[in-house]
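Reader: I'd like to go through this one piece by piece. Could you take my questions as they come?

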Amino acid sequence: MDVGGRDGGSSIKKWDIIYPVYLNSKKTVAEGRRIAAAKACADPTCNEILDSCAYLKIPCKIEQDKAYPRDFFQRGRVRVQLKNEAGSPVNPAIRTSISYNC
């Protein structure tokens, strides 16, 4: 399931990966959370991440058969394209740590 338009010819293997545990406010940093707990949400799903990417017009794809390496019982991840092959942001209106280097 692709969202946000075509991938522009870039390989999906080069896209960034978001596991739901990265955004889970119920997890600790040691358990895999990557953002501040105040900005995280409780038990996010791949479909919720996909909906958010669609709203932000960021190309993405769910990979249901993949598991989080630290916990194989947590299935699914989302691949997102934050920058083009040239290194410019896909959606310039969205600022990321990757886009600050442009």
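**Strands, loops and a ring cluster**

Author: Happy to. Keep in mind that this is a predicted model. A good place to start is the pairing of S3 (residues 60-68) with S4, an antiparallel arrangement joined by 6 bridges.

Reader: Which residue in S4 is the bridge partner of Glu63?

Author: Strands S3 and S4 run antiparallel, and a hairpin through 2 residues connects them. Follow Glu63 across to S4 and its bridge partner there is Arg77.

Reader: And S2 with S4: over how many bridges do they pair?

Author: S2 covers residues 16-18 and S4 covers residues 71-80, and they pair in the antiparallel sense. Within that pairing, Ile17 has Arg79 as its bridge partner in S4. The number of bridges between S2 and S4 is 3.

Reader: Let me step back a bit. In what order do the elements of the protein run from the N terminus?

Author: The protein has 1 helix and 4 strands to place. Reading from the N terminus on, the order is β-β-α-β-β.

Reader: Now the loops. Is Asp43 buried, partly exposed or exposed?

Author: Asp43 sits in the loop between S2 and helix H1 (46-55). Its phi is near 50 degrees, a positive value in a residue other than glycine. Most residues other than glycine have a negative phi. As for accessibility, Asp43 comes out at 42%, and because buried means under 20% and exposed over 50%, the label for Asp43 is partly exposed.

Reader: What about Lys57, then: buried or exposed?

Author: Lys57 is in the loop between H1 and S3. Lys57 also has a positive phi, near 60 degrees, and is not a glycine. Its relative accessible area is 59%, and the cut-off for exposed is over 50%, so Lys57 is exposed.

Reader: On to the aromatics. What kind of pair do the rings of Tyr19 and Tyr22 form?

Author: A search of the whole structure turns up 3 aromatic pairs. For Tyr19 and Tyr22, the ring centres are 5.5 Å apart and the planes stand at 80 degrees. Planes over 60 degrees apart fall in one class, so the Tyr19 and Tyr22 pair is edge-to-face.

Reader: Are those two, Tyr19 and Tyr22, buried or exposed?

Author: Tyr19 has a relative accessible area of 8%, and Tyr22 has 11% relative accessibility. The limit for this class is under 20%, so Tyr19 is buried and Tyr22 likewise counts as buried.

Reader: How many residues apart in sequence are the parts that the Tyr19 and Tyr68 pair ties together?

Author: The rings of Tyr19 and Tyr68 have centres 5.1 Å apart with planes at 70 degrees, so this pair is edge-to-face. Tyr19 lies in the loop between S2 and H1, while Tyr68 belongs to strand S3, so the pair bridges a sequence gap of 49 residues.

Reader: Which residues do the ring pairs link into a cluster?

Author: Tyr19 and Tyr68 are both buried. Arg34 also turns up here, over the face of Tyr22 and 4.1 Å from the ring centre. The cluster linked by ring pairs consists of Tyr19, Tyr22 and Tyr68.

Reader: Last one: what share of the residues of the protein count as buried?

Author: The protein exposes about 6,700 Å², with carbon and sulfur atoms supplying 53% of that area. Of its 102 residues, the share that count as buried is 31%.

Conventions: Residues are numbered from 1 along each chain as its sequence is written. This is a predicted model: local features need pLDDT of at least 70, side-chain atom pairs count only at pLDDT 80 or more; totals for chains, interfaces and linings use all residues. Side-chain values use heavy atoms; hydrogens and water are left out. Two strands pair if DSSP finds at least two bridges between them. Buried means under 20% relative accessible area, exposed over 50%, partly exposed in between (1.4 Å probe, protein chains only). Rings of Phe, Tyr and Trp (its six-membered ring) pair if their centres lie within 6.5 Å; planes under 30 degrees apart count as stacked, over 60 as edge-to-face and the rest as tilted. A charge sits over a ring if NZ of Lys or CZ of Arg is within 6 Å of the ring centre and within 35 degrees of the ring normal. Accessible areas come from the Shrake-Rupley method with a 1.4 Å probe; for residues, only the protein chains shown count as cover.
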